[in-house]
Amino acid sequence: MNAVGVRMVTRSRSRGPGAGQPGSREKPAPLRREEAAAEGRKSYSPVKRQRKAQRLNVAYEASEGEKGEGVEHLQSPAWEPQDWRQQLENIRTMRSGKDAPVDQLGAEHCYDLSAPPKVRRYQVLLSLMLSSQTKDQVTAGAMQRLRARGLTVDSILQMDDSTLGTLIYPVGFWRNKVKYIKQTSAILQQRYDGDIPASLAELVALPGVGPKMAHLAMAVAWGTVSGIAVDTHVHRIVNRLRWTGKATKSPEETRRALEEWLPRELWSEINGLLVGFGQQTCLPLHPRCQACLNQALCPAAHGL
């Protein structure tokens with residue numbers, strides 16, 4: 001092996017113009033290329049393979065580095081519906097008058113402002129329980145009659161079922177609501193000292209309290225945004241605008257789909273905005289598409 005090594009070095013130095021510079025490390029590569037050109041040999045091919053391998057290796061390391069240092073930049077952007085910002089802005093414009101029933105008779109308007117905080121929170125929860133499958137005008141009337149009797153946990157528990165039913169009628173499913181209101185009031189007295197729970201999980205565990213009511217109770221009673229409150233209006237409009245990746249079959253499915261992409265800072269606004277829009281323009285039957293600023297942008301308006 002040593003003899004071969006000496007012979008190769010001697011041959012290279014004797015033929016190249018770089019001979020006489022034994023300490024140089026920058027000359028061997030060009031010397032081999034010149035020698036190969038003169039003799040028609042491919043002694044430089046290992047050098048090419050090495051350079052090619054180095055280029056591939058560098059590219060591979062850079063790619064790995066990008067994956068390690070900037071994972072978020074390499075991920076696919078989250079899905080969001082087309083034109084949703086313009087659609088939202090148009091709805092805000094149409095709702096700027098704040099003259100829908102929900103704006104005057106919603107849960108945040110049905111409690112006694114002069115009552116102690118604990119009683120106000122209870123009244124908010126009760127108004128939400130009554131509002132299910134019920135128009136805001138009917139809910140507001142029932143709350144007004146209840147408040148005239150002094151609406152507290154104790155007053156409800158002391159009231160017989162027949163009287164309670166008479167006071168809340170004609171809210172939807174009023175017989176079931178009499179039962180749920182009594183059961184929930186008893187739990188609040190026993191476990192929460194007459195107050196309402198301050199967590200979503202505890203609220204939805206109460207009889208007759210669903211996710212929409214719980215999210216609204218957290219927002220109105222406690223000032224905490226725990227999620228998007230989706231009722232039939234929001235469910236209908238979101239699907240008409242195609243604000244979900246695919247059609248949803250229930251308000252709760254719509255809520256989950258909406259929360260996947262809608263910026264969190266809009267969660268507290270979206271319920272009241274869309275409910276009022278659904279009460280005035282995007283009606284369940286015969287929506288007023290001709291008067292809607294989103295007519296050109298709405299898939300449902302074009303039968304899509």
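**Entry 1: Glu-269 and its partner**

I began with Glu-269, which is partly exposed in this predicted model, its relative accessible area coming to 28%. Its side chain meets that of Arg-92 in a salt bridge, with N to O at 2.8 Å. The pair links distant parts of the chain, since I find Glu-269 in helix H16 (residues 267-280) and Arg-92 in helix H5 (residues 84-94), 177 residues apart. For Arg-92 I looked up the accessibility as well, and at 27% relative accessible area Arg-92 is partly exposed.

**Entry 2: the other salt bridges**

How many salt bridges does the structure hold? I noted nine, and I followed some of them further.

Asp-103 and Arg-95 meet through their side chains in a salt bridge at 2.8 Å, N to O, and here both residues are buried.

The side chains of Asp-193 and Lys-118 also form a salt bridge, at 3.3 Å from N to O. This pair again links distant parts of the chain: Asp-193 sits in the loop between helix H11 (174-191) and helix H12 (200-204), while Lys-118 belongs to helix H7 (residues 117-131), and 75 residues separate them. Asp-193 has a relative accessibility of 59% and therefore counts as exposed, whereas Lys-118, with a relative accessible area of 31%, is partly exposed. I then recorded that Glu-252, Arg-255, Arg-256 and Glu-259 are joined into one network by salt bridges that share partners.

**Entry 3: cysteines**

I next asked why Cys-282 has no disulfide bond to Cys-298. The cysteine sulfur closest to that of Cys-282 is in Cys-298, and at 6.4 Å it is too far for a bond, because a disulfide needs the two sulfur atoms within 2.5 Å. The sulfur of Cys-298 in turn has its closest cysteine sulfur in Cys-289, at 6.3 Å, which is also too far for a bond. Both sites are covered in the model: Cys-282 counts as buried at 11% relative accessibility, and Cys-298 is buried with a relative accessible area of 12%. The count of disulfides by this rule is zero.

**Entry 4: Gln-123**

Returning to helix H7, I looked up Gln-123, which is found there. Is Gln-123 buried or exposed? With a relative accessibility of 3%, Gln-123 counts as buried. Its side chain reaches the backbone oxygen of Leu-151 at 3.1 Å, and Leu-151 is also among the residues in contact with Gln-123 once neighbours within four places in sequence are left aside, together with Tyr-111, Asp-112, Met-143 and Arg-147.

**Entry 5: the chain as a whole, and confidence**

I closed with the totals. The chain has 16 helices and zero strands, and buried residues make up 38% of its 304 residues. Of the contacts in the chain with a separation of 6 or more, 61% are between residues 24 or more positions apart. The accessible surface comes to about 18,300 Å², and 52% of this belongs to carbon and sulfur atoms.

As for confidence, I noted a mean pLDDT of 83 for the chain, with 74% of its residues at 70 or more. Where does pLDDT stay under 50? It does so over residues 1-76, for which the model has 22 contacts beyond four places in sequence.

Conventions:
Residues numbered from 1 in each chain as written. Predicted model: local features only at pLDDT ≥ 70, side-chain atom pairs only at ≥ 80, totals over all residues. Heavy atoms only, no water. Salt bridge = Lys/Arg side-chain N within 4 Å of Asp/Glu carboxyl O. Helix = DSSP H or I, 4+ residues; strand = E, 2+ residues; numbered from the N terminus. Buried < 20%, exposed > 50% of the residue type's maximum accessible area, 1.4 Å probe, protein only. pLDDT = per-residue confidence, 0-100. Contact = heavy atoms within 4.5 Å. Polar contact = N/O pair within 3.5 Å; in protein donor to acceptor, adjacent residues only side chain to side chain. Areas by Shrake-Rupley, 256 points an atom, 1.4 Å probe, with all protein chains shown as cover.
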